[in-house]
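Open the model in your viewer and keep the selection box at hand. Each stop below tells you what to pick and what is there.

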Amino acid sequence: MIPVKKSMYVELIKFENISRKYELDMINLGTGMGYYDFRYEGIPLKAFNFSLPQQNLYFDYQLLKEYSYVLKRNGIVCIVLPYCIFCADQLEETRKRYERYYALLAREIVEPYCCVPYEEWLRKDRGNSFGDDAIRKALTCGEMLIQTESTLQNWKRQLKIISFDSGEVSSHTKREIEKSIQWLEKILEYCEQKQLIPVIVVPPMSRTLLDRIGNRFRKLNYYDILDKVIPEHIRIFDYSENPYFCNPSLYGWPGFLTEDGAKEFTLDVVQNLGFI
């Protein structure tokens, strides 16, 4: 593994000492909502956040395979699945960003998904990358409305979603959904092989954003998939309609909790898991 401390991506700094971790009680996978919403500081258990912004289920699976040794037997694997996660297997706009995984995974795992060749990545300057990964300030009402509209338009464009009301998606997105389902199934199979306990977490989002994603979209492109893929014995913690955690005052972006909100949310998940 390439030394993580040399990475240009600030979000990789947390991996710098990952090889020294062992016998963890819990980890979480996921994309941006997992990255920002899970903060284990001050909680009395051994845990690690494997989420990165714009992380798809393919890299969730690869990171779990590479680093499952840090978990104890029967350790918890929280699989964070926001509403649009199945629509994004390979996004053209994020393929350059996938070069960060060269620091964490074998070249042959990363290169098929990344538009940056391994040799080019090696030549890049990867110094001076420290910073703060927490969202500290909540949006004002006006900012929330603006950011919500921008988020919806970006999702429709990037994910090729035709309508959040009708649930209609493009043929391209249908193919993305099928590939994403396969990776989720592989994650569940791997957990079973390694005697790990998967738990599905449906993360909250601001009520302002949630109200713009229609029930039809949620059913066709999310809950129907969970019903099809997730066995009955696997727990699902659905925070999507939680009145407390959907309060817009807890959000620094329509889908990401502030630092304080994330600490409260993480504590609630951990308590529901029975750790404390």
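Start with the helix H9. Select its buried residues: Glu-259, Gly-261, Ala-262, Phe-265, Thr-266, Val-269 and Val-270. Now look down the axis of H9. These buried residues fall within an arc of 165°, so they line one face of the helix. In an α-helix there are 3.6 residues a turn, so residues three or four places apart point the same way. Next, check the length of H9. The helix runs over residues 259–272, 14 residues in total. At 1.5 Å a residue the expected span is 20 Å, and the end C-alpha atoms are 20 Å apart, which agrees. Keep in mind throughout that this is a predicted model.

**The sheet**

Switch to cartoon view and find the sheet. Five strands make an open sheet with parallel pairing. Their order is S2-S1-S3-S4-S5. Which strands are at the edges? They are S2 (47–49) and S5 (236–238), and each pairs on one side only. From one strand to the next, the twist averages 20°.

Select S1, residues 24–29. Six of its six residues are buried, so S1 is largely enclosed by the rest of the structure. Now add S3, residues 71–80. S1 and S3 pair in the parallel sense over five bridges. Walk along the pairing:

- Leu-24 stands opposite Leu-71 in S3.
- Ile-27 has Val-77 of S3 as its bridge partner.
- Leu-29 stands opposite Ile-79 in S3.

Turn to the other neighbour of S1. S1 and S2 also pair in the parallel sense, over three bridges. Pick Asn-28 there: its bridge partner in S2 is Asn-49.

Go back to S3. Is this strand mostly covered or mostly open? It is mostly covered, with seven of its 10 residues buried. Add S4, residues 197–202. S3 and S4 pair in the parallel sense over five bridges. Stop at Ile-79, which stands opposite Ile-200 in S4. Ile-79 of S3 also stands opposite Leu-29.

**Loops**

Three loop residues come next. Select Gln-54, in the loop between S2 and helix H2 (57–67). Its phi is positive, about 60°, although Gln-54 is not a glycine. At 37% relative accessibility, Gln-54 counts as partly exposed.

Jump to Gln-195. This residue sits in the loop between helix H6 (171–193) and strand S4. What is the phi of Gln-195 near? It is near 55°, a positive value in a residue other than glycine. Gln-195 counts as partly exposed, at 40% relative accessibility.

Now select Ile-43, in the loop between helix H1 (32–37) and S2. Is Ile-43 buried or exposed? At 11% relative accessibility, Ile-43 counts as buried; the cut-off for that is under 20%. Draw a distance from the C-alpha atom of Ile-43 to that of Gly-30. The two are 13 residues apart along the chain and separated by 20 Å.

**Aromatic rings**

Show the side chains of Phe, Tyr and Trp. How many aromatic pairs does the structure hold? There are 33. Two numbers describe each such pair: the distance of the centres and the angle of the planes.

Select Tyr-67 and Tyr-69. Their ring centres are 6.2 Å apart and the planes are at 45°, so the pair is tilted. A tilted pair has planes between the stacked limit of 30 degrees and the edge-to-face limit of 60. Colour the two by accessibility. Tyr-67, at 3%, counts as buried. Tyr-69, at 44%, counts as partly exposed.

Move on to Tyr-98 and Tyr-101. This aromatic pair is tilted as well, with 6.1 Å from centre to centre and 50° between the planes. Here Tyr-98 counts as buried at 2% relative accessibility. Tyr-101 counts as buried at 0%.

Next, pick a group of rings. Tyr-35, Tyr-36, Trp-155, Phe-164, Phe-217, Trp-253 and Phe-256 form one aromatic cluster.

For the last stop, select Lys-46 and Tyr-22. Lys-46 lies over the face of Tyr-22, at 4.7 Å from the ring centre.

Technical notes. Residues numbered from 1 in each chain as written. Predicted model: local features only at pLDDT ≥ 70, side-chain atom pairs only at ≥ 80, totals over all residues. Heavy atoms only, no water. Phe/Tyr/Trp six-rings, centres within 6.5 Å; stacked < 30°, edge-to-face > 60°. Buried < 20%, exposed > 50% of the residue type's maximum accessible area, 1.4 Å probe, protein only. Lys NZ or Arg CZ within 6 Å of the ring centre and 35° of its normal. Pairing = 2+ DSSP bridges. Helix = DSSP H or I, 4+ residues; strand = E, 2+ residues; numbered from the N terminus. Axes fitted to C-alpha atoms, helices over the stretch in contact; angles between N-to-C directions. Expected span 1.5 Å × (residues − 1). Arc of directions from axis to C-beta.
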